[in-house]
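Reader: I should like to learn how the ligand and metal sites of a model are read. Please take me through them one at a time.

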Amino acid sequence: MTKVLCSIRDLSVAYPTPTGAQHALKSVSLDIIAGEKLAIIGESGSGKSTLSLALTGLLARQAMVDGVMSWPGLGSAPRAGRDIGIVFQDPGSSLNPVLTIGDQVGEGARRHLGLGRKAARDKAIELLSRVRIPQPEKAAGAYPHQFSGGQQQRIAIAAAIAAGPAVLIADEATSALDTIVQAEIAALLEDLVTNGDMTLIFVTHDIGLAASLADRIAVFRTAELVECGDARSVVNAPRADYTRQLLATHIDLHSPRLVGAADVR
Amino acid sequence: MSGDLLMVEGLSKRFAGRGRSVRALDDVSFSIRKGETLGIVGPSGSGKSTLARVLLRLIEPDAGRILIDGEDWRSLSPKALRHRRGDIQMVFQDPLSAFNPRTTIGKAIMDPLRIHAVGKRHSRMAALAELLQRVGLSADMASRRIHEVSGGQRQRVALARALASRPRLVVLDEALSALDVSLRGQMLELLVRLQRDEGISFLFIGHDPAVVRMISHRVAVMDQGRIVETGDADAVFSDPRSDTGKALIAAIPTWR
Ligand SMILES: Nc1ncnc2c1ncn2[C@@H]1O[C@H](COP(=O)(O)OP(=O)(O)OP(=O)(O)O)[C@@H](O)[C@H]1O
Ligand SMILES: Nc1ncnc2c1ncn2[C@@H]1O[C@H](COP(=O)(O)OP(=O)(O)OP(=O)(O)O)[C@@H](O)[C@H]1O
Ligand SMILES: [Mg+2]
Ligand SMILES: [Mg+2]
């Protein structure tokens, strides 16, 4: 049984720029299924982050939007932070520099789940340890700039899942994580979907991650959705030329090296 | 003189405060030759960006020596440092925070050209257009601000700015992580071409072992502030000796 959580029809978004309107999405139609893990991959600048922002209702004010987005699976548009959590592409911009990370992670639970100060703090510490922040009790009292880039990404994930949202949108949320921690975060997200009835939409340039974590993959290029389908078939038998090109340029441990010992002067 | 452009000896840095103490660098030593790329991999929080920041003199280490062309980099006076800044450039892991939000992208890239007195205004304009083109961005991006472009475009703006002053060493901290795979390949080729033409050295920090292997001559594996393994890139990635190296390779997601 599949239930449509969000239905997107002919969604177009354009930004005004000094040199004219810039189309970020052109007439995109897509159904998001409740409880699925949907990966969004594709060209840089093809509108993936714009789609994430549109879904969360956080598009820049000057963006020009056309088309319909409805949430039959929720009844009404989701409230950011409560029903839908988002992890932005730049972790630095998700986090408030003057609040301790314990307060930031606990804030969603306090505001949306009505937890008291102490309970919210305990919840924050639990979440920090779930995203593998070392010494979570001590870390809770520290500020964002005191953490590494990958730690900030994980703190942003902890904050986004604190209120137990029905939908999580993760925009390149594991892009700076080493392979070990990324695998742990992938397992955590998997668990939230399987045991917590969450729907996961994640944007990534890591085709290996998309193929191993997602149920379905949507591929974007120059503001358009070029194909969307079962993850296995998109990777093994892509329909669009662009997807084939993308897969062909994948870099793995057997790719030819670009430099050799002889280059060094 | 050996061909070392950079030599680092015994770098240590501890962050302490509010009951939380982290040894971010613990006796780190290595060197990079002219025209060489040293790749750095390691778990999140292992000290990679701290190392980069110390090299750029953005944070002071507790101990250790940094020699650039045999010259003691840490004892350069502020004036001498200003003069030499252009020699070492960096692409930061979080480009959004490394740019002034009110400045246009064109101005952000032109500033280092001006400071390092590269040419006249019209030749700087030409240099700007060429830099943007090299990183695959259209010239009209110059009039936008950093938050008005996508994540991958932002990374390429940061790369263009780092290359603007014709540096001798560029520290790339997860500098290609937000690019689609085909652009990532193109940027790797651009870096290698620049290295061949101009003898630039790179310190390439990355989380993806396959990408680091492709561009690096040698690789260092870091864990908890220490270098736990170094060697030829092929050797380290095909047969890692350290537990950390083994674990990083084993956790690469497979899909084919
Ligand atoms: N605020 C803005 N003003 C003007 N143009 C914008 C703005 N935000 C994004 N754009 C443009 O819209 C297009 C889509 O951007 P978006 O951030 O959605 O791309 P993306 O697919 O997420 O790319 P990446 O993989 O590089 O992060 C890009 O060409 C970008 O330059
Ligand atoms: N200003 C600071 N104050 C306190 N601790 C810090 C500070 N900067 C970094 N740290 C700590 O030092 C350690 C190393 O951080 P660093 O940013 O160098 O890691 P990294 O290897 O770049 O990790 P990542 O891959 O996640 O970017 C981390 O545990 C981090 O929390
Ligand atoms: Mg994006
Ligand atoms: Mg880092």
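Reader: Which atom of ligand 1 does a polar side-chain atom of Thr50(A) lie 2.5 Å from?

Author: First, the conventions: this is a predicted model, in which local features need pLDDT of at least 70 and side-chain atom pairs count only at pLDDT 80 or more, while totals for chains, interfaces and linings use all residues. Residues are numbered from 1 along each chain as its sequence is written, chains are lettered from A and ligands numbered from 1 in the order in which they are written, and side-chain values use heavy atoms, with hydrogens and water left out. A polar contact is a pair of N or O atoms within 3.5 Å. Here the partner of Thr50(A) is an oxygen atom of ligand 1. An N or O atom in the side chain of Ser44(A) is 2.7 Å from an oxygen atom of this ligand, and for a polar side-chain atom of Gln22(A) the distance is 3.3 Å. Taken alone, ligand 1 exposes 640 Å², of which the protein buries 95% (Shrake-Rupley method, 1.4 Å probe).

Reader: Why is the site of ligand 1 described as shared between chains?

Author: A residue belongs to the surroundings if one of its heavy atoms lies within 4 Å of the ligand. The site is shared because residues from chains A and B surround ligand 1. There are 22 such residues, and Gly45(A) and Gly152(B) are among the closest.

Reader: How many residues surround ligand 2?

Author: The number is 20, with Ser148(A) and Lys48(B) among the closest. Residues from chains A and B surround ligand 2, so this site is also shared between chains. A polar side-chain atom of Ser148(A) lies 2.6 Å from an oxygen atom of ligand 2, and a backbone N or O atom of Gly150(A) lies 2.7 Å from an oxygen atom of the ligand. Ligand 2 taken alone exposes 640 Å², and the protein buries 90% of that.

Reader: Which protein donors does the magnesium ion have?

Author: Donors are N, O and S atoms within 2.8 Å of the metal (3.2 Å for Na, K and Ca); water is not among the atoms, so sites may look incomplete. For the magnesium ion (ligand 3) they are Ser49(A) (OG) and Gln89(A) (OE1), lying 2.0 to 2.2 Å from it.

Reader: Are these two residues buried or exposed?

Author: Buried means under 20% relative accessible area, exposed over 50%, and partly exposed in between (1.4 Å probe, protein chains only). Ser49(A) counts as partly exposed because its relative accessibility is 22%, whereas Gln89(A), at 17%, counts as buried.

Definitions and conventions. Polar contact = N/O pair within 3.5 Å; in protein donor to acceptor, adjacent residues only side chain to side chain.
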